[in-house]
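This report examines a protein chain through a few of its features. Please study the sequence and the structure shown here before reading on.

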Amino acid sequence: MNKKINKTMTDMTTGTLLDKIVLFALPLAITSILQQLFNAADLAVVGRFASPQAMAAVGSNSSVINLIISFFVGLSVGANALIAMEIGSGHKERINETVHTVITVSLIAGCSLIVIGFFVSKPLLILMAAPAEVLNLAILYLRIYFFAMPALMIYNYGSAILRSKGDSKRPLYAMVLSGIINIFLNLIFVIIFHLHVIGVALATVFSNMFGAGLVLYFLLTEEESFRLSFKKLCVNKDYLIKMLKIGLPAGLQGAVFSLSNVVIQSTVNSFGADAIAGATAAANFDFISYCAMNGFAQAAVTFTSQNYGAKRYDRCKKVFRISMGCGVGASVIVVLILSVFRYQVINLFTTDPAVIEYAMIRISSAFYFHYLIGTYEISGGCLRGMNRSLFPALISIFGTCVFRLIYVFTYIPKHHNFSSLFHVYPLSWLLTGAITISVYFIVRAKVFKEHD
């Protein structure tokens, strides 16, 4: 392959793996953690400088936003894996048209979501039983937030393209700068102009536009195979189908996973505004732990894809072992640190005693076991890297959606308390992880034997 093209490309098919996986995963993990911290800044600003109702209005939207974003980010996994396989198999002539298909899809999806979001915001929040005292503010926040969707799609899909060739650093740079802008605008809009919910929503829109613009700049100035040209934007049917084959199951998995959280959020809403605010503040603990692990899950997809495309099956096995050990280990470290400093962290969001009490219940009921997520995210990532995306999707739909819905609709009505509600998370993580790892070893043995 041309040396010029290799300037920002990581050779994943030769040499040592541990250092390359860690150097690839850490910027991803840091990017995701910063993204979550910048999102948490919205809650912290309204929680400290507005009111619990404003904080609940922002928090009541989190599961809806995550549902939509999870679906389309899942689709971007297909773009990542497809391009990585093309790199590994040496088909660099296919890369550029795939790049333009991916960006076109992101633009179409993002613009469509602005329109869809305006009409579905109110019925969705009513369906989720958002408390009357926060409903109008929540609707307003969600409708404004949807204007950030084109930028969010471009950033995530563009980052997936860069990650496919091992470049996880430049998406990090874009996230850092856009996050700083987000915090700066939050403080101006909320503290100076007293815009509260409207202010944090507008800050999200503008900061995401900046991040998307940086990612587009990176692609516009890329080496030839990866270079984006607006004149070439189009959708290649064949590449779209291949991308959907890998990404659609991952997207559906993320959406269904988030759907179960929407149902759980509806139950949280029944406990009132303080419960919503407390659960939302504590959820940031989960997100940070997930981000630390997910960098290695994304590494598992990319490194497995390139080595699978290059027929280096021995290295695929090593990718699994290294990614699983590092990913679960990173999550354990985050859980330990945040558990020790849980009161200090929650106080960044609120000083309301009732809100803090609800936050601590969620932390003790679910967060202490959060490292279990790595067992199915990383093994599922390796399956997607082997072009077997349907298996982890179906398992997760059962373990993180069907099981949770059964639990919520059968157990919770008889034991309607906050702690029992959040026990569903570690139970579902344990079940899903055990099944996914078992299926991974079964599929791996069969697939590699067929190619020997």
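Which side chain does D286 meet in a salt bridge? The partner is R362, and the closest approach, N to O, is 3.0 Å. D286 belongs to helix α10 (residues 273-309) and R362 to helix α13 (residues 353-365), so this pair ties together parts that lie 76 residues apart in sequence. D286 has a relative accessibility of 6%, and because buried means under 20%, it counts as buried. R362 is likewise described as buried, with a relative accessible area of 12%.

The model discussed here is predicted.

**Salt bridges**

In total, the structure holds five salt bridges. Three of them are set out in the table below.

| Pair | N to O distance |
|---|---|
| R170 and D167 | 2.6 Å |
| D286 and R362 | 3.0 Å |
| D314 and R312 | 3.8 Å |

Are the partners in the R170 and D167 bridge buried or exposed? R170 counts as buried at 16% relative accessibility, and D167 counts as buried at 6%. The bridge between D314 and R312 has another setting: D314 is partly exposed at 42% relative accessibility, and R312 is partly exposed at 30%. Salt bridges with shared partners also join K165, D167, R170 and E222 into one network.

**Helix α14**

Helix α14 covers residues 373-385 and contains 13 residues. From its first C-alpha to its last, α14 reaches 18 Å, close to the 18 Å expected at 1.5 Å a residue. How many residues of α14 are buried? The count is 13 of the 13, so α14 is largely enclosed by the rest of the structure. After α14 comes N387, which has a positive phi, near 65 degrees.

**Confidence in the model**

The protein chain has an average pLDDT of 86, and 96% of the residues score at least 70. Where in the protein chain is confidence lowest, and where is it highest? Helix α2 (residues 52-59) has the lowest confidence, with a mean of 74, whereas helix α11 (residues 313-340) has the highest, at 94. Over residues 1-6, pLDDT stays under 50, and the model has ten contacts beyond four places in sequence for these residues. Where pLDDT is low, the predicted coordinates should not be read in detail.

Methods. Residues are numbered from 1 along each chain as its sequence is written. This is a predicted model: local features need pLDDT of at least 70, side-chain atom pairs count only at pLDDT 80 or more; totals for chains, interfaces and linings use all residues. Side-chain values use heavy atoms; hydrogens and water are left out. Helices (H or I, at least four residues) and strands (E, at least two) are DSSP runs, numbered from the N terminus. The expected span of a helix is 1.5 Å times one less than its number of residues. Buried means under 20% relative accessible area, exposed over 50%, partly exposed in between (1.4 Å probe, protein chains only). A salt bridge is a side-chain nitrogen of Lys or Arg within 4 Å of a carboxyl oxygen of Asp or Glu. pLDDT is the predictor's confidence in each residue, from 0 to 100. Contact means heavy atoms within 4.5 Å.
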